Amino acid sequence: MSGRSAVWRKLPSKRLVLVGSSIAVAVTLYKAKQKLGNEKVKVHAATSLLDQKEALNSPLIPRAEQLSNLEKTTYDILVIGGGASGAGVALDAQTRGLKTALVEKFDFSSGTSSRSTKLIHGGVRYLQKAILGLDLEQYRMVKEALSERANLLEIAPYLSYPLPIMLPVYRWWQVPYFWAGIKAYDLVAGGQTLKSSYFLSKTKTLELFPMLKKERMVGSLVYYDGQHNDARMNLVIALTAARLGATITNHTEVLELIKSTDENGKSTISGAKVKDRMTGKEFEVKAKCVINCTGPYTDSVRGMDQKNIKKICQPSSGVHIVLPDYYSPDQMGLLDPSTSDGRVIFFLPWQKHTMAGTTDNLCSVTDNPAPTEKEVEFILNEIKNYLNADVEVRRGDVLSAWSGIRPLVSDPNKADTQSLARNHIIEVSPSQLITLAGGKWTTYRHMAEEAVDKAVQVCNLNPASQCVTKGLLLDGSHNWTPTMFIRLVQDFGLENEVAQHLANTYGDRAFKVAKMAKITGKRWPVVGQRLQEEFPYLEAEILYGIREYACTAVDMLARRTRLAFLNVHAAEEALPRIIEIMAKELDWSKAKQKEEMDSALLFLKNEMGLALKAEAKNVPINFTKEEINEYVKRFHKLDTDKKGYITVNDLRRYFKNQRDHVSEEMLHEMLRDVDLHHNGEVELGEFLQLLSAVKTGAISNVRLAHALDIEKRKAIPVDRSGGGL
C-alpha cells in the first residue's frame, strides 16, 4: 500500500470504520450485506468487489475494443445518452452486477450536461416557492437535492467544492426576508449543510466583493452551494462505469430500436441499431432493456418506439457568458434574485474566470445550440445593475458565450400535461422502452437509481445487489488529497499552477498525465509544455484525452479541456497544435485534418460565440468636438501623404520614425483589426468609428489603438479579453 493514503469513513448504522483507498468498494460490500442478507449474494458481491478494485487500477479498454464488445455481447441494459443521467444510469446498473452498455451520438457530456451553471445546488429558489405555496412536492425535491449535493461533493472531492454565494441587500426590510429563506435552506439540509449561512455588514460585504455597487447597500447574506467542472464530472462518471466493466462508446448514434416478440406474442424492445460515426459502420446491439436518457432528444427516441406520441419535452435555452477574473472575487459568487424580467442571474468565479448567466427562453431542439447577441446583452445589462461605476462592463470583455438546452418535461401520466415537471419523470412504454427525463445535475444519481429500479422491475432483470452508488467514490478520488499537487511539483518539476490544475482535474490520475508530459529543456519548469501560454493545459493532456475516448478536436477543446468555454480566442489559437498532436496519434490524413479544423472553427463560431464578435461598424460615433479634432490630428499624423486613408506602409513608416520595432506580421494584424471594409485601407470614418467602439467598450485590446496610445485607460486593466466577442 506504499504511496497510498489511508481513507477513514464511519458508516451510519453499524458505526463501522473502514480503512484504505478502496473505501468505495467496502461501502458497496457493506450495503450489499445490509440490504440483501443472502449468504450466496454476499460471496458473489465480495468476489465482484475484489474484481472492481483491480479494475479501477487497470487501463481503459480502447474505443475500438469497446465497439467490438458492443457488437457481439448481449446486455442486460443498453443506455442511450452519455450526459449526466445516462452516465449515472450506466454506473448504477454496472455496480449492481448488470451487464451494461452506453452509447452517445456525440461525445460524453457534449450537450446540456457540459453547459450548466456549474453549480451543485439544492434549489434555494424552489424552497422559497415550497414555503410560500405550502408545496410539499417542491420541499421534497429540495431536500432530496441537498442530500445528493452532499453526496456529489463527497464522491468526487477533487472536482467539486463548496462555494459561498452572496445576496446583496439594498433594502432593510429584505434582510429578515432573505435571512429566513437561507436559514430554512440550512435547516432542510440538516447535518449535510456545507457551511452555515450568515449576514455581512456593508463594510464587510464590500471588503469581500469590492466590485459591488455600494450606494444604498445595507449588507448582504451569504449561503453555500457546491460548484464543479461539469463536463469533467460527467466524463468521470462514465469512465468509472467503464473501469468497472461497462461498455461505453461515444460518437455512436442510435438509428432505430429493435423489437422482438416474446412467447406471449407481445412486442418488446430488444436492442438498437447503431452507427459508429467515426467509421460509418452500422450494427445491432442486443439488450434485455433499453433506457432513454437523451435529454432534449427524449421525444426523438420515444418516436422511434411509437409513432404519433404526445411530446413530453419542452426545451428551453440558457445562455452563459465568461468574463475576465477581475469581475468577481475568486472565492465568492453572487446571486441576483430580482432581474429586470424576473429571472435569476448567477455571477460566479469559475476556473479563474467569471461566469454569468443564465437566460431562459423556449427553443427548438438542435444539435448546435447557439447564443444570440440579444441574450449576451441582456446578461451584461443585468450585471451593470449591481456592479459599481468603477467597473465598466464592456461588451469587448466577453471571452466566450454558449447556450445549453434544458429539457423541461411534462408528465404523460398526469391529466394536466401542460404543467412542466419540477423534478424528473420515468415513463415505461408498452414495448418496455424506459425513458428518464427532466431533473437536474445535482440529482443525477438518485434519478439513475430510480430508473434502474424500474428497469429491474419491468424487464425482469436479476441484479447481484440493490443500488450501491451512494458514497461510491468516482475515478480519481481514492488517493486524492488537497495537497497532492505539491507532490506533482516536487516529483515532476511542474509549475505550481499546472500541478494544481492537473490535481483538480484528474485527481489521483494526475500522475499518469504528468508522466506523459515532455521535458521542456528549461531550468524551470522541468516538464510540462503548455498547450496555450495563458492556460495551464498541457500538450500531454491531448494524448491522455485520446485514451479517454476523445475522437475529435472539439472533444478536446470543449470537454477534455475547457478552453472553448473559457476563452474562445485562446481555443482558436490552440486548435492547430491540438490537431497536429491528434493527427500524429490517430494517423489522420491531410483531408481529415482539414475536416477537423473546419468543424472545430464552425463550433467555436456558432456555439461558443466567436461569430458574435461586436464590430466597430455597428457602434455610432459619439465624440465631443474637441475629441474629434484630436483624433483627426492623430489620423493625419499617420496619413502623411494626405491620401485620405491609412495603409500598412503608413503604419510601417510611423513605427520606424518612433523607433519602435514592429514585425511585418504584427503590422498586418494591426491593420486587419481596424479595416472595417477589408480592403487594406482605413479611411477617417473607419478610424473614428474604431475609436468610438474602444471608448464605449464595445471592443477592447485593439492593438493599433494601444500602440498609438489612444485606447482609453481603465481603472481595472484588461488581462486578456483578446478583443472580446
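In which sense, parallel or antiparallel, do strand 12 and strand 20 pair, and over how many bridges? They pair in the parallel sense, over 3 bridges, with strand 20 covering residues 433–438. Bear in mind that this is a predicted model. The chain has 725 residues, and buried ones make up 57% of them. Its secondary structure comes to 25 helices and 22 strands. Among contacts with a separation of 6 or more, 70% are between residues 24 or more positions apart.

**Strand 12 and its partners**

- Let's stay with strand 20 for a moment: asparagine 292 stands opposite threonine 435 there.
- Strand 12 (residues 282–292) also runs parallel to strand 3 (residues 74–80), and 6 bridges join the two.
- One residue pair to look up here is threonine 74, whose bridge partner in strand 12 is lysine 286.
- With strand 11 (residues 267–276) the sense is antiparallel, and 5 bridges do the joining.
- Two bridge partners are worth finding in that pairing: alanine 272 goes with valine 285 of strand 12, and lysine 273 goes with glutamate 284 of strand 12.
- Strand 11 and strand 12 make a hairpin with 5 residues between the strands, where glycine 280 takes a positive phi near 90°.

**Strand 11 and strand 10**

- On to strand 10 (residues 252–261), which runs antiparallel to strand 11 and is joined to it by 9 bridges.
- Threonine 252 has aspartate 276 of strand 11 as its bridge partner.
- These two strands form a hairpin as well, with 5 residues between them, and glycine 265 in the turn has a positive phi of about 80°.
- How much of strand 11 is buried? The count is 7 of its 10 residues, so the strand is largely enclosed by the rest of the structure.

**Aromatic pairs**

- A search of the whole structure turns up 13 aromatic pairs.
- One of them is tyrosine 198 with tyrosine 224, a tilted pair at 6.5 Å centre to centre with 50° between the planes.
- Tyrosine 198 belongs to strand 7 (residues 198–200) and tyrosine 224 to strand 8 (residues 219–228), so the pair ties together parts that are 26 residues apart in sequence.
- As for burial, tyrosine 198 is partly exposed, with a relative accessible area of 28%, whereas tyrosine 224 counts as buried at 12% relative accessibility.
- Phenylalanine 492 and phenylalanine 511 form another tilted pair, at 6.3 Å centre to centre and 45° between the planes.
- That pair links distant parts of the chain, 19 residues apart: phenylalanine 492 sits in helix 13 (residues 484–492) and phenylalanine 511 in helix 15 (residues 510–516).
- Phenylalanine 492 is buried, with a relative accessible area of 19%, and phenylalanine 511 is buried too, at 14%.
- There's also a cluster, in which ring pairs link Trp173, Tyr177 and Phe178.

**Lysines over rings**

- Lysine 118 lies over the face of tryptophan 350, at 4.9 Å from the ring centre.
- Lysine 643 has its charged end over the ring of tyrosine 645, 5.5 Å from the centre.

**Helix 17 against helix 20**

- Two packed helices are described by the angle between their axes and the distance between the axes.
- For helix 17 (residues 553–560) and helix 20 (residues 590–606), the angle is about 35° and the axes are 8 Å apart.
- Helix 17 brings Ala553, Val554, Leu557 and Ala558 to the contact, and helix 20 brings Glu596, Ser599, Ala600, Phe603 and Leu604.
- What does the contact of helix 17 with helix 20 look like by class? It has 7 nonpolar, 1 polar and 1 charged residues.

**Serine 317**

- Serine 317 is found in strand 13 (residues 313–323).
- Is serine 317 buried or exposed? With 10% relative accessibility, serine 317 counts as buried.
- Setting aside neighbours within four places in sequence, serine 317 is in contact with Thr359, Asp360, Asn361, Cys363, Glu375, Ser403 and Gly404.

How values were computed
Residues numbered from 1 in each chain as written. Predicted model: local features only at pLDDT ≥ 70, side-chain atom pairs only at ≥ 80, totals over all residues. Heavy atoms only, no water. Phe/Tyr/Trp six-rings, centres within 6.5 Å; stacked < 30°, edge-to-face > 60°. Helix = DSSP H or I, 4+ residues; strand = E, 2+ residues; numbered from the N terminus. Buried < 20%, exposed > 50% of the residue type's maximum accessible area, 1.4 Å probe, protein only. Lys NZ or Arg CZ within 6 Å of the ring centre and 35° of its normal. Axes fitted to C-alpha atoms, helices over the stretch in contact; angles between N-to-C directions. Contact = heavy atoms within 4.5 Å. Nonpolar A, V, L, I, M, F, W, Y, C, P; charged D, E, K, R; others polar. Pairing = 2+ DSSP bridges.
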